[in-house]
Amino acid sequence: MNAKRSATLCSPLYPSVTPLPPLQAPSERVCEASWVLRTLILARAPHLLRDRRHHGIVQPRCGVGTELCEWLLSLSSTVHSRYQAASMWQALLEEGAIYHGE
């Protein structure tokens, strides 16, 4: 698996995590959490989200999962491990608040 594979606003790229199909609409709490994370990324680390080319197709405003997990670890003292950061992104992915770009 390519370590620099892109994901739109980050899906964690851990092959051991099997994603569930997205829900029809994210819950209100997940929408709020994704909005807060998006705002923080745009304000403090806009370089994490940029247009990326994957198989000749440009994916707009996407981030690499490992970079976003590292950023989340550095941002908050309540996130204690990469696994926890990846799980938080995975929850957003499964709720449909973010999506995996291929």
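A salt bridge here is a side-chain nitrogen of Lys or Arg within 4 Å of a carboxyl oxygen of Asp or Glu. The legends below describe a predicted model.

**Figure 1. Arg52 and Glu67 form a salt bridge between strand 2 and helix 2**. The closest N and O atoms of Arg52 and Glu67 are 3.7 Å apart. The pair links distant parts of the chain, with Arg52 in strand 2 and Glu67 in helix 2 (residues 65-75), 15 residues apart. Arg52 counts as buried because its relative accessibility is 12%, under the 20% limit. Glu67 has a relative accessible area of 21% and is therefore partly exposed. A polar atom of the Arg52 side chain also lies 3.1 Å from the backbone oxygen of Leu48.

**Figure 2. Glu70 and Arg82 form a salt bridge between helix 2 and helix 3**. The N to O distance between the two side chains is 2.4 Å. Glu70 lies in helix 2 and Arg82 in helix 3 (residues 82-95), so the pair ties together parts that are 12 residues apart in sequence. Glu70 is partly exposed at 36% relative accessibility, and Arg82 is partly exposed at 47%. The structure holds two salt bridges.

**Figure 3. His54 and His55 are joined by a side-chain polar contact**. The contact between the two histidine side chains is 3.5 Å. His54 is part of strand 2, which covers residues 50-54. With a relative accessibility of 19%, His54 counts as buried because the value is under 20%. Arg52, shown in Figure 1, lies in strand 2 as well.

**Figure 4. The largest nonpolar core has 17 residues**. Those that touch the most other members are Leu37, Ile41, Leu48, Trp71, Leu72, Trp89 and Leu92. Helix 1 (28-44), helix 2 and helix 3 each supply at least two residues of this core. Helix 3 gives the largest share, five residues. In soluble globular proteins, nonpolar side chains tend to be buried together.

**Figure 5. Leu37 is in contact with Trp71, Leu72, Trp89 and Leu92**. This list leaves aside the neighbours of Leu37 within four places in sequence. Leu37 and these four partners are among the residues of the largest nonpolar core that touch the most other members.

**Figure 6. Cys31 is partly exposed and Cys69 is buried**. The relative accessible area of Cys31 is 36%, so this residue counts as partly exposed. Cys69, at 1%, falls under the 20% limit and therefore counts as buried. A disulfide would need a pair of cysteine sulfur atoms within 2.5 Å, and by this rule the count comes to zero disulfides.

**Figure 7. The chain has three helices and three strands**. Along the sequence, these elements follow the pattern β-α-β-β-α-α. Buried residues account for 35% of the 102 residues. Of the contacts between residues at least 6 apart in sequence, 65% join residues at least 24 apart. The accessible surface of the chain is about 6,400 Å², and carbon and sulfur atoms contribute 58% of this area.

Notes. Residues numbered from 1 in each chain as written. Predicted model: local features only at pLDDT ≥ 70, side-chain atom pairs only at ≥ 80, totals over all residues. Heavy atoms only, no water. Helix = DSSP H or I, 4+ residues; strand = E, 2+ residues; numbered from the N terminus. Buried < 20%, exposed > 50% of the residue type's maximum accessible area, 1.4 Å probe, protein only. Contact = heavy atoms within 4.5 Å. Areas by Shrake-Rupley, 256 points an atom, 1.4 Å probe, with all protein chains shown as cover. Polar contact = N/O pair within 3.5 Å; in protein donor to acceptor, adjacent residues only side chain to side chain. Core = buried A, V, L, I, M, F, W, Y, C linked by side-chain atoms within 4.5 Å.
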